[in-house]
Amino acid sequence: MNIFTKITFIFLSLFVAFVATPVFAAGISFDAQSHEFAQEEEFLMNVFLNTEGESINAAEGRVVFPADLLEAREIRDGNSTINFWVEKPRILEQGVIVFSGITPGGFSGKKELLFSIVFRAKKDGNGTIQGDAIRVLRNDGEGTEVYTQTSLFPFLISLESKLPAPEVEKVTDNEPPEDFKPIVTNELSYFDGKYALIFATQDKISGIDRYEVREGQWSRFSVAESPYLLKQQSLERKIFVKAIDKAGNERVAVLDARNIAPWYQQYAILSILLMMIVVLFLLKILWPRFIQ
């Protein structure tokens, strides 16, 4: 590593540490075990929100970093203060991570965890990690935007030998997502008033990976997002919503049919199934005789 790189890193560190900052209502900050990393080293970066005494119920924005120096390998949101993600923290592209979420009822604290990022240091150099286009909304019933400042996180990647860094701890999760109850709605704001399914839950260890929906007892689960336009607008079938966390644990919520099908329709379906079983049984018995 050349002397210019070292001097630049020291200057950035001093600037971030000592520059005067104005009074502000909320702040995004970053924290890791160190500011110096070796090539190919993985490290965990936590993204925090300081509400400065405000009650906050929504936050969104981007985390930007130099893609030539760092690779974002994993995002963890299991312990997040955010309850419901409008857009789960995700890697939009190397160099940009986007997020948007809400917490009904609001939250307040000096170091509220939004999510964590596992980075890999790629090559020798120095740079900064910072927030961009950050918006934080006050829990005042009006969604008032509050002024937010984001701190820079300067880092240095060096070829020089150093003590082995501790490995990033693997997440062990044997618990299913939290219990939840989906809601069927036909508000005009969703799909022009057609029946839609609203659902969300949390997993405080590894985080929610995806949801799957099944309409009816015998159909298949398919990946879905909330709000979900119901295919069966008659609401005559049970609805199953499966929440799957990043460790593969599952939680299934069931909604009973709102409009039970008439008895003659139910018997008609059973009669068709019975006839199919009888036909298959007869084919199994008689088929060997036909092929002789």
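Start at the largest pocket of this predicted model: select W85, V86, K88, F199 and Y211, which lie nearest the centre of the pocket among its 29 lining residues. The space inside comes to about 780 Å³. Colour the lining by class and 13 nonpolar, seven polar and nine charged residues appear.

Next, select the strands that contribute to this lining. β6 (84-93), β15 (208-215) and β16 each supply at least two of the residues. The largest share comes from β6, with five residues.

**The four-stranded sheet**

Keep β15 and β16 selected and add β18 and β19. Together they form an open sheet in the order β16-β15-β18-β19, with antiparallel pairing. Look at the two ends of that order: β16 (222-224) and β19 (250-255) each have a single partner strand, so one side of each is left without a neighbour in the sheet. Turn the view to look along the strands; on average, neighbours in this sheet are turned by 30 degrees against each other, direction ignored.

Now zoom in on residues 239-245, which are strand β18. Six bridges pair β18 with β19 in the antiparallel sense. To find one place where the two strands face each other, select A243, which stands opposite R251 in β19.

Stay in β18 and select K242. Is this lysine buried or exposed? K242 has a relative accessible area of 12%, under the 20% cut-off, and so it is buried. Show what surrounds the side chain and backbone of K242: beyond its neighbours within four places in sequence, this residue is in contact with R210, Y211, E212, F221, E250, R251 and V252. Two of these names have come up before on this tour: Y211 at the pocket and R251 opposite A243.

**The cavity**

Select E215, Q232, L235, E236, R237 and I239, the lining of the largest cavity. The structure holds one cavity of 30 Å³ or more, and the volume of the largest is about 30 Å³. By class, its lining has two nonpolar, one polar and three charged residues.

**The three-stranded sheet**

Move to β13, β14 and β17. They make an open sheet in the order β13-β14-β17, again with antiparallel pairing. The edge strands β13 (183-185) and β17 (228-229) each pair on one side only. Strand β14, residues 196-198, is joined to β17 by two bridges. Pick A196 to see one of the facing positions, as L229 in β17 stands opposite.

Two loops here are worth a stop. In the loop between β16 and β17, select P227. What kind of peptide bond joins S226 and P227? The bond is cis, with omega about 0 degrees. In the loop between β13 and β14, select D192. Phi of D192 is near 55 degrees, a positive value in a residue other than glycine. D192 is also exposed, with a relative accessible area of 72%.

**Strand β9 and its partners**

Now select residues 125-138, strand β9. Follow its pairings in turn:

- Strand β4 (residues 56-64) runs antiparallel to β9 and is joined to it by seven bridges; V64 stands opposite Q130.
- Strand β12 (residues 153-158) pairs with β9 in the antiparallel sense over five bridges; L156 in β12 stands opposite N126.
- Strand β10 (residues 145-146) is joined to β9 by two bridges, also antiparallel; V146 is the bridge partner of V136.

Trace the chain from β9 into β10. The two strands form a hairpin with six residues between them. G141 lies in the turn and has a positive phi of about 80 degrees.

Go back into β9 and select A133. A133 has a positive phi of about 55 degrees although it is not a glycine. Its relative accessible area is 53%, over the 50% cut-off, and A133 is therefore exposed.

**The whole chain**

Zoom out to finish. The secondary structure comes to two helices and 19 strands. Colour by burial: of the 292 residues in the chain, 39% are buried. Then show contacts between residues with a separation of 6 or more; pairs 24 or more positions apart account for 72% of them.

Conventions
Residues are numbered from 1 along each chain as its sequence is written. This is a predicted model: local features need pLDDT of at least 70, side-chain atom pairs count only at pLDDT 80 or more; totals for chains, interfaces and linings use all residues. Side-chain values use heavy atoms; hydrogens and water are left out. Two strands pair if DSSP finds at least two bridges between them. Axes are lines fitted to C-alpha atoms, for helices over the stretch in contact, and angles run from 0 to 180 degrees between N-to-C directions. On a 1 Å grid over the protein atoms alone, a cavity is a set of points where a 1.4 Å probe fits but cannot get out, and a pocket is an open set with protein on both sides within 12 Å along at least five of seven lines; lining residues have an atom within 4 Å of a point. Grid points are joined across faces, edges and corners, and a volume is the space filled by probe spheres set on the points. Ala, Val, Leu, Ile, Met, Phe, Trp, Tyr, Cys and Pro count as nonpolar, Asp, Glu, Lys and Arg as charged, and the others, Gly among them, as polar. Buried means under 20% relative accessible area, exposed over 50%, partly exposed in between (1.4 Å probe, protein chains only). Contact means heavy atoms within 4.5 Å.
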